Amino acid sequence: MEIASVELYNVVLNIAKQLQGYYVNNVYAVSSESILIKLHHPIQAEKQLVVSPNRGLWLTKYEFESRPAGSFVKTLRTHLERVRFVGALQPAGERIGVL
């Protein structure tokens, strides 16, 4: 089942609010296509964001078993570790989210 543009807008808006002020702690591969981004905050509890091109993106408390990091995940780690999350948006009418 595909997610509509309006539904994705609400998901992205919710993620943007919940992750404001967080920093990327690490990036993990959890499947052949999905990644898990662990985020930390100096005061609040750690959060985890799953990004999957086929299923979407969501915050989770579930602990995933990580897989060996491929070159894509290693590149993401290099560029994203310790980066501050500044926001998320969804271009009008599109079914994509931009972090």
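Leaving out the neighbours within four places in sequence, Ser34 is in contact with Tyr28, Ala29, Val51 and Ser52. The model in which these contacts appear is a predicted one, and Ser34 is a useful place to enter it. The residue belongs to the loop that lies between strand S1, residues 23-29, and strand S2. Is Ser34 buried or exposed? Its relative accessibility is 7%, and because buried means under 20% relative accessible area, Ser34 counts as buried. For a sense of distance within the model, one can take Leu13, which is 21 residues away from Ser34 along the chain and whose C-alpha atom is separated from that of Ser34 by 21 Å.

From this loop the view can be widened to the sheet. Four strands make up an open sheet, arranged in the order S1-S2-S3-S4 with antiparallel pairing. The edges are held by S1 and S4, each of which has a single partner strand, so that one side of each is left without a neighbour in the sheet. From one strand to the next, the twist averages 20°.

The pairings can now be followed strand by strand. S1 and S2 run antiparallel and are joined by six bridges, and within this pairing Val27 has Ile37 in S2 as its bridge partner. Strand S2, which covers residues 35-40, pairs in turn with strand S3, residues 47-52, in the antiparallel sense and over five bridges, while the connection from S2 to S3 is a hairpin that passes through six residues. Here Leu36 finds its bridge partner in Val50 of S3. Val50 also stands opposite Trp58, a residue of S4, so this residue can be traced in both directions across the sheet because Leu36 is its bridge partner as well. Strand S4 spans residues 56-60 and runs antiparallel to S3, with five bridges joining the two; S3 and S4 form a hairpin that has three residues between them.

What remains is the placement of the helices against these strands. Which strands does helix H1 lie across? Helix H1, made up of residues 5-18, lies across S3 and S4, and its direction runs at about 40° to S4. Helix H2, residues 71-80, also packs on the sheet, where it touches S1 and S2, and its direction makes about 175° with that of S1.

Note on methods: Residues are numbered from 1 along each chain as its sequence is written. This is a predicted model: local features need pLDDT of at least 70, side-chain atom pairs count only at pLDDT 80 or more; totals for chains, interfaces and linings use all residues. Side-chain values use heavy atoms; hydrogens and water are left out. Buried means under 20% relative accessible area, exposed over 50%, partly exposed in between (1.4 Å probe, protein chains only). Contact means heavy atoms within 4.5 Å. Axes are lines fitted to C-alpha atoms, for helices over the stretch in contact, and angles run from 0 to 180 degrees between N-to-C directions.
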